[in-house]
Structures are given as C-alpha cells and as structure tokens.
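Hi everyone, thanks for coming. I'd like to walk you through one model today, going helix by helix and looking at who packs against whom. Here it is on the screen.

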Amino acid sequence: MRYMKLLGLEMMVFAIGATVLFGQGNQEAANLTREGIEASKAKDWDKAIAAFKRAAQLDEHYAPNLASALQQRATVYVSQGKFQEAVTDYSEALKVKAKDPDIFERRAYAEIQLKDYDKALHDYNEAIKLSPEDPKYYQVRAFIYQTKGDFKAALADVDKVLKLDPNNQDAQQRKNFLEAKLHAPPTPPPTPSGPIPNPNVRPPATATATPATKP
C-alpha cells in the first residue's frame with residue numbers, strides 16, 4: 001500500500017509539525033509533546049501515544065500529534081499482521097481527524113485483511129465523500145464490490161477511475177474482466193444422470209387390494 005511506503009516521510013513531517021507547536025499554549029502539554037517525540041524516535045509507540053494523548057487533553061492544539069502517532073502504531077500493527085489492533089488505532093485517529101480520507105482508506109485496508117468487506121466498503125464511501133476526485137479510492141472500492149459479487153457496481157467504479165485516470169492499466173484490466181463477467185451467457189443447470197422424468201406425466205395411481213368377500 002502507498003501509505004506503507006511513505007512511513008519514513010510521515011514521521012519527519014509529524015516531528016516537524018509537533019515541534020512548531022512548542023511555543024504555543026500550555027507548557028505542560030509542550031513538555032509532554034517533546035516526550036512523545038522522543039518516544040516516537042525510539043519507536044516506543046505506546047509511550048508516545050500516552051504522552052500525546054495527555055498533551056491533547058491539556059491543549060487541543062496538540063491533538064494532531066496524537067492522530068499521527070496512532071497512525072504510526074497502526075502501521076506497525078499492519079506490518080505485524082495485527083489488523084484488529086490497527087483498526088482500533090485508526091478509529092481513535094479518526095476521532096481526532098474525522099475528515100481525513102486517507103485514515104478511512106488505511107482503516108479499510110486493515111478491514112479487508114480481516115475480510116470485513118462491509119466495513120471496508122463503508123470506509124471507502126466516506127473517503128470518496130471527502131475526496132471525490134481521487135481515483136485510488138474508486139479503484140479499491142471496485143475491488144471490494146467485485147469480491148462481494150456486485151460486478152455492476154464494480155464496473156461503475158472502474159469507469160470512474162478511467163474517467164479520472166485514463167491511462168490506469170490496472171483499471172482497464174479490471175474493466176475487461178468485469179465486462180466479461182457481466183456479458184457471459186448464463187451457466188446451464190447440470191444435466192441429471194439417468195432417465196429424466198416428464199413433469200407433465202403423473203405417476204400411476206397405487207393399486208389397492210380388493211378385500212375378499214365372505215361366502
């Protein structure tokens with residue numbers, strides 16, 4: 001995923017953003033933020049998040065640092081295959097940054113690994129609402145629809161991708177696959193072995209024995 005590749009860059013931006021806030025507001029919050037940054041450098045995410053959470057409680061200006069640290073820990077969880085823990089951290093980050101489409105996308109990625117496609121679909125819907133002109137969200141939502149067997153909805157999303165990014169080869173390949181699925185002739189039912197009964201012919205009535213009459 002793209003966000004995994006940008007982990008190092010995000011850490012640098014995160015540290016710079018936190019440092020800028022040192023001269024603002026509550027001094028205790030600033031001290032906690034410094035503590036959080038040092039813990040982040042050591043990749044001690046539990047300690048970092050605890051410090052940033054306390055700083056955000058003292059001064060809401062420091063809340064973005066908490067969101068960033070939660071995402072960093074979630075990324076580590078994803079790399080370890082701990083997808084439910086990652087979902088929890090992304091959910092906490094969204095409480096701080098509720099209008100960040102990338103957090104919805106990252107949580108959806110973890111939900112896909114858990115095969116929780118309905119929740120992943122919801123998160124991509126939210127990401128698209130926040131950033132409707134970004135083709136990457138439609139591209140993965142198409143994959144989710146395809147996985148759920150909704151080929152028509154998947155094709156609509158692929159067409160949207162190609163409208164926004166006409167040279168997207170992955171989208172074109174998926175479009176070809178989906179069109180073949182939608183236009184394929186229906187599969188005939190299997191032919192049963194042995195004689196095929198005629199549904200229009202009723203079986204003969206069962207004969208009943210006539211009781212013998214006494215002389």
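Let me start with a convention, since I'll be using it several times: a crossing is called left-handed if the near helix is turned anticlockwise from the far one by less than a right angle, and right-handed if clockwise. By that convention, H8 passes H9 in a left-handed crossing. We'll come back to that pair in a moment.

First, some orientation. Please keep in mind that what you see is a predicted model. The protein chain has 11 helices and 0 strands, so along the sequence the pattern reads α-α-α-α-α-α-α-α-α-α-α. Of the 215 residues in the chain, 39% are buried. If you take the contacts with a separation of 6 or more, 50% of them come from residues 24 or more positions apart.

Let's go along the chain, beginning with H3. This helix covers residues 27-41, and its 15 residues reach 21 Å from the first C-alpha to the last, close to the 21 Å expected at 1.5 Å a residue. Which of its residues are buried? In H3 they are Ala29, Ala30, Leu32, Thr33, Gly36, Ile37, Ala39 and Ser40. Then have a look just after H3, where lysine 43 takes a positive phi of about 60°.

Moving on to H6, residues 83-96, you'll find tyrosine 90 there. Tyrosine 90 counts as buried because its relative accessibility is 0%. Its C-alpha is separated by 9.4 Å from that of alanine 110, and those two residues are 20 apart along the chain.

Next comes H7, residues 101-113, and the residue I'd like to point out in that helix is glutamate 111. Is glutamate 111 buried or exposed? Its relative accessible area is 4%, and the cut-off for buried is under 20%, so glutamate 111 is buried. Leaving aside residues up to four places away in sequence, glutamate 111 touches Val87, Asp116, Lys119, Ala120 and Asp123.

Now back to H8 and H9, as promised. H8 spans residues 117-130 and H9 spans residues 135-147; the two pack at an angle of about 155°, with their axes 10 Å apart. Angles over 145 degrees count as roughly antiparallel, so that is the label for H8 and H9. On the H8 side, the contact is made by Tyr117, Ala120, Leu121, Tyr124, Asn125, Ala127 and Ile128, and on the H9 side by Tyr137, Tyr138, Val140, Arg141, Ile144, Tyr145 and Thr147. Sorted by class, that contact has 11 nonpolar, 2 polar and 1 charged residues.

One of those H8 residues deserves a second look: tyrosine 124. At 0% relative accessibility, tyrosine 124 is counted as buried. Between tyrosine 124 and alanine 142 the C-alpha distance is 10.0 Å, with their positions 18 residues apart in sequence.

H9 has another partner, H11. What angle do the axes of H9 and H11 make? They cross at roughly 25° and come within 11 Å. That makes H9 roughly parallel to H11, and here too H9 passes H11 in a left-handed crossing. From H9, Gln139, Ala142, Phe143 and Gln146 meet Asp170, Ala171, Arg174, Phe177 and Leu178 of H11. By class, this contact divides into 5 nonpolar, 2 polar and 2 charged residues.

That leaves H10. Its 14 residues reach 20 Å from first C-alpha to last, close to the 20 Å expected at 1.5 Å a residue. Buried in H10 are Ala153, Ala154, Leu155, Asp157, Val158, Val161 and Leu162, and what covers the buried residues includes H9 and H11.

Finally, the pairing of H10 with H11. H10 is residues 151-164, H11 is residues 169-183, and their axes come within 9 Å and cross at roughly 150°. H10 is therefore roughly antiparallel to H11. The crossing of H10 and H11 is left-handed. Phe151, Lys152, Ala154, Leu155, Val158, Asp159, Val161 and Leu162 of H10 meet Ala171, Gln172, Arg174, Lys175, Leu178, Glu179, Lys181 and Leu182 of H11. The residues of this contact divide into 9 nonpolar, 1 polar and 6 charged.

That's my tour. Thanks for listening, and I'm happy to rotate the model for anyone who'd like another look.

Technical notes. Residues are numbered from 1 along each chain as its sequence is written. This is a predicted model: local features need pLDDT of at least 70, side-chain atom pairs count only at pLDDT 80 or more; totals for chains, interfaces and linings use all residues. Side-chain values use heavy atoms; hydrogens and water are left out. Axes are lines fitted to C-alpha atoms, for helices over the stretch in contact, and angles run from 0 to 180 degrees between N-to-C directions. Helices (H or I, at least four residues) and strands (E, at least two) are DSSP runs, numbered from the N terminus. Angles under 35 degrees count as roughly parallel, over 145 as roughly antiparallel, 65 to 115 as roughly perpendicular and the rest as oblique. Contact means heavy atoms within 4.5 Å. Ala, Val, Leu, Ile, Met, Phe, Trp, Tyr, Cys and Pro count as nonpolar, Asp, Glu, Lys and Arg as charged, and the others, Gly among them, as polar. Buried means under 20% relative accessible area, exposed over 50%, partly exposed in between (1.4 Å probe, protein chains only). The expected span of a helix is 1.5 Å times one less than its number of residues.
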